[in-house]
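Please study the sequence and the structure shown below. The exercises that follow are each worked through step by step.

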Amino acid sequence: MEEAVLQVLTDDNVNNYKKKMKILCLHGFRTSGSFLKKQISKWDPSIFPDDQFELVFPDGIFPAGGKSEIEGVFPPPYFEWFQFNKDFTEYTNLDECISYLCEFITNNGPFDGLLGFSQGAALSGLLLGYQAQGKVLKDHPAIKLFVSVSGSKFRDPSIGEVAYKEPIKAKSVHFVGAKDWFQLPSEDLAAAFDKPLILRHPQGHTVPRLDEGTTSQLRDWTMNIVQSDTGLAGNSSGPNNRDIPGDMMKPVEAQRAK
């Protein structure tokens, strides 16, 4: 009987004991968690397979304080995480936002990674830098991965001197668009990380559609992290520090897995 029970546990139900990696996904300015979820659904599901990843898409804590660029494209309500001046050097409600996200992560985690677009990517990078310096999430396990789309650093020196004091060790991938007005800020954020993977695309300020080559690159990156987490990877460093040229990312529709 003991052998039979052991056989059931090791063969039939082993997948039930594999913990999914949990990713917190933070949307852009004056959009919503639902909109970011729709944007990410453009990507092939093999990148974040349902049996290995759980993606969480919360809404920002403040209602949009002005017109949203997705009005007429995606239904309201729309949200923002905090407010800022045109130079992105002064911020309103940022501390409240950070406190809210830390509480959300603590109550709904633990989270293994962060994914963010634009304002959400800037926030994610800030949280990772602050955690690395012991400023926030001191009792939460180190967040190990980050996907940044059109991200940027915070430009207030009092923030940057803490958050970006040292290269951030989380494994990171950074999407940089050739027509994105955040192209240089995205590259600047990538430089704050240790051995970042940079994926360039010819599009603008958007979550890009991925061609087969880039889908393969991103899938390899996520799967390497999954294998490292379970002790199965031969090389935990993964495909880092590679700058993928723009012609690798033509705006073609990703093929959805059956």
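**Exercise 1: Strand β7 and its neighbours**

In strand β8, Leu 145 is the residue opposite Gly 113. Helices (H or I, at least four residues) and strands (E, at least two) are DSSP runs, numbered from the N terminus. The model is predicted: local features need pLDDT of at least 70, side-chain atom pairs count only at pLDDT 80 or more, and totals for chains, interfaces and linings use all residues. Residues are numbered from 1 along each chain as its sequence is written, and side-chain values use heavy atoms, with hydrogens and water left out.

Task: How many bridges join β7 to β8, and how many join β1 to β7?

Solution.
- Step 1. Two strands pair if DSSP finds at least two bridges between them.
- Step 2. β7 and β8 run parallel and are joined by five bridges. The chain passes from β7 through α4 to β8 in a right-handed β-α-β crossover (with the strands pointing away from the viewer, the path from the first strand over the helix to the second runs clockwise).
- Step 3. β1 (residues 21-26) and β7 are also parallel, with four bridges; Leu 24 has Leu 114 of β7 as its bridge partner.

**Exercise 2: Burial in helix α6**

Task: Which residues of α6 (residues 183-190) are buried?

Solution.
- Step 1. Buried means under 20% relative accessible area, exposed over 50%, partly exposed in between (1.4 Å probe, protein chains only).
- Step 2. Pro 185, Ser 186, Leu 189 and Ala 190 are the buried residues of α6.
- Step 3. Viewed down the axis of α6, these buried residues fall within an arc of 145°, so they line one face of the helix (the arc is that of the directions from the helix axis to the C-beta atoms).
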